[in-house]
Amino acid sequence: MHYWRCQTLDESSELTAWVVGSLPARPFFGEGTVGEELYAVAEKYRTTHVRPDFAKLFLDGVPMTRTSAMLTPYLCHGDHEDPSDTGELLWTRDDLVATLERCIQLGLGAKLHATGDGSVRQALDAIEVVRKAHGDGPIFHIAHIAYVDPADRSRFAELNVIPDVSPYIWYPNIFDESIANQIPEKVLRESWPIKDLAQSGALVSGGSDWPVVPVPSPWIGLETLITRANPDPAVPGEQNGEQCLSLPPRQSPPSPATPPPPWAWEKPSAPSRPATQQISSCSTTTCSTSPRMPFTKLKSCGPTSKARASTNAVRIKHLKRSSRRFQRPKSRNKTKEQQ
C-alpha cells in the first residue's frame with residue numbers, strides 16, 4: 001500500500017474512508033520493506049484516517065494449490081503426490097509467538113492469513129500463549145476461516161480473536177471445482193462454519209477480499225450469509241446450509257407513549273471531519289470494532305445486470321491470478337511442523 005498517497009489525500013481533505021494498514025512481518029508476494037524496518041517508518045504516515053495499526057502474517061497459502069496447512073491430508077491423484085501431504089506451515093510456533101509478542105510491545109494488532117484448519121489451529125495456539133502471558137491486548141484477526149476444526153470454533157470467543165470471514169465464497173461458485181479436486185469431501189461439507197462461530201460468542205467480521213472476487217459489494221456477502229446460495233438463480237444448490245445465519249424477528253415500532261431509552265438522549269461525539277464511505281459496485285468496505293471509528297455508511301447500488309452476466313468470466317481470471325501467487329516453487333524443500 002502506498003501510504004504516502006493516502007496521507008496526501010487525507011491532508012487535502014479528499015480521503016473519505018478509513019484506511020487501516022497491515023504491515024507485512026515477512027516477505028511474501030515480493031520484495032519490499034517488511035518487519036522491523038517497516039514498523040519503524042509506518043508511524044510517520046499516520047493521519048486522521050490513515051492508521052498503520054496492524055502487522056500482517058501469512059501462515060499458509062490457498063487450498064487450490066495444496067498450500068493451505070490442513071489437519072487432513074489432501075486428496076491423492078497418483079504416485080506423483082504424497083498421500084500424507086497436509087500442506088505447509090510457513091511459520092514455526094516459536095517464531096509466531098515471538099512476533100505476536102513483538103506486536104504487543106509496539107502496540108500493533110495482527111492480521112493472520114490462515115486458510116487451512118491446520119494454520120487456524122496454529123494461530124489460535126500461538127495467540128493462547130500470548131493471551132496467557134499478557135492478557136487481552138491488541139486486536140487479533142484470523143482470516144479467512146474457510147475451514148475450522150469443530151474443536152477450535154469456540155476458541156475464538158475464549159481468546160478474544162476475531163474470525164475474519166472472506167472472501168464471500170460461502171455459496172456455490174466458480175472456485176468450488178478446483179477446491180473439491182484437492183480437499184476431502186468431509187472437510188468441504190463443514191466449510192465456512194460462520195453460524196457456529198457467531199453462536200459461540202465470537203465477534204465475526206467479514207469482507208470481500210477484493211480483488212479475489214470481482215464485485216466487492218457487501219450486499220452479496222450479506223445476502224449469502226443468510227441463504228448460502230448463489231445470488232444467480234441459474235446456479236443451483238447451497239453450500240453447507242446448516243451454517244446459514246438468520247435475520248432477527250421483525251419488531252413492531254414502539255408506541256408513541258413509550259419513553260425513549262436513556263441512551264437515545266446522548267449525542268454521540270463526532271470527529272472533526274466525519275468519514276463516510278460510499279459503497280458502489282467498484283469499492284469495498286470493512287467493519288471496525290474500534291470505538292474511535294464511526295460506522296460506515298452504505299449506499300445500496302449493487303452490481304448491474306451486465307456485471308452479473310460477466311461475473312464467471314472475471315472470477316476465472318482472478319482465480320488463475322490468485323493461484324499463481326501461491327504456486328509452490330518446484331525446488332522448494334518440504335517442511336512441516338507437527339500439529
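In the predicted model, residues Arg93, Leu96, Val97, Leu100, Glu101 and Ile104 of helix α3 meet Gln122, Ala123, Asp125, Ala126, Ile127, Val129, Val130 and His134 of helix α4. By class, this contact between α3 and α4 comprises 9 nonpolar, 2 polar and 3 charged residues. Two packed helices are described by the angle between their axes and the distance between the axes. For α3 (residues 93-106) and α4, the axes come within 9 Å and cross at roughly 45°. Helix α3 is therefore oblique to α4, since an angle is counted as roughly parallel under 35 degrees and as roughly perpendicular from 65 to 115. The crossing of the two helices, α3 and α4, is right-handed.

The protein chain as a whole contains 11 helices and 6 strands. Of its 339 residues, 43% count as buried. Among contacts between residues at least 6 apart in sequence, 73% join residues at least 24 apart.

In soluble globular proteins, nonpolar side chains tend to be buried together. In this model, the largest nonpolar core has 54 residues, and Leu57, Ile142 and Phe156 are those with the most contacts inside it. Helix α4 (residues 117-134) supplies the largest share of this core, 6 residues. With neighbours within four places in sequence left aside, Ile142 is in contact with Leu112, Ala114, Val120, Ala123, Leu124, Ile127, Phe156, Val161, Ile162, Pro163 and Asp164. Two of these partners of Ile142, Ala123 and Ile127, are also among the α4 residues that meet α3. Phe156, another partner of Ile142, is itself one of the three residues with the most contacts inside the core.

Leu159 is located in the loop between α5 (155-158) and β5 (161-165). With a relative accessible area of 10%, Leu159 falls under the 20% limit and is therefore buried. Outside its neighbours within four places in sequence, Leu159 is in contact with Leu124, Ile127, Glu128, Arg131 and Asp136. Of these residues, Leu124 and Ile127 also appear among the contacts of Ile142. Asp136 lies 23 residues from Leu159 along the chain, and the C-alpha atoms of the pair are separated by 8.0 Å.

Ala157 is placed in helix α5 and is partly exposed, with a relative accessible area of 29%. Once neighbours within four places in sequence are set aside, the contacts of Ala157 are with Ser200, Gly201 and Ala202. Gln199 is 42 residues from Ala157 in sequence, with a C-alpha to C-alpha separation of 9.7 Å.

Ala42 belongs to helix α2 (residues 35-42) and is buried, its relative accessible area being 5%. Beyond its neighbours within four places in sequence, Ala42 is in contact with Leu23 and Pro52. Pro52 is 10 residues from Ala42 along the chain, and the two C-alpha atoms are 6.3 Å apart.

Most residues other than glycine have a negative phi, and most peptide bonds are trans. Departures from both patterns occur in the model, as follows. A cis peptide bond, with omega of about 25°, joins Ala143 and His144. His144 is part of strand β4 (residues 140-144). Trp210 and Pro211 are likewise joined by a cis peptide bond, for which omega is about 10°. Pro211 is situated in the loop between β6 (205-206) and α9 (218-227).

Ser13, which is not a glycine, has a positive phi of about 60°. This residue, Ser13, lies in the loop between α1 (3-11) and β1 (19-24). Ser13 has a relative accessible area of 47% and is partly exposed. Trp192 also has a positive phi, near 50°, in a residue other than glycine. The loop that holds Trp192 runs between α7 (185-189) and α8 (194-199). At 5% relative accessibility, Trp192 counts as buried, whereas Ser13 is partly exposed.

Note on methods. Residues are numbered from 1 along each chain as its sequence is written. This is a predicted model: local features need pLDDT of at least 70, side-chain atom pairs count only at pLDDT 80 or more; totals for chains, interfaces and linings use all residues. Side-chain values use heavy atoms; hydrogens and water are left out. A nonpolar core is a set of buried Ala, Val, Leu, Ile, Met, Phe, Trp, Tyr and Cys residues joined through side-chain atoms within 4.5 Å. Buried means under 20% relative accessible area, exposed over 50%, partly exposed in between (1.4 Å probe, protein chains only). Helices (H or I, at least four residues) and strands (E, at least two) are DSSP runs, numbered from the N terminus. Contact means heavy atoms within 4.5 Å. Axes are lines fitted to C-alpha atoms, for helices over the stretch in contact, and angles run from 0 to 180 degrees between N-to-C directions. Angles under 35 degrees count as roughly parallel, over 145 as roughly antiparallel, 65 to 115 as roughly perpendicular and the rest as oblique. A crossing is left-handed if the near helix is turned anticlockwise from the far one by less than a right angle, and right-handed if clockwise. Ala, Val, Leu, Ile, Met, Phe, Trp, Tyr, Cys and Pro count as nonpolar, Asp, Glu, Lys and Arg as charged, and the others, Gly among them, as polar.
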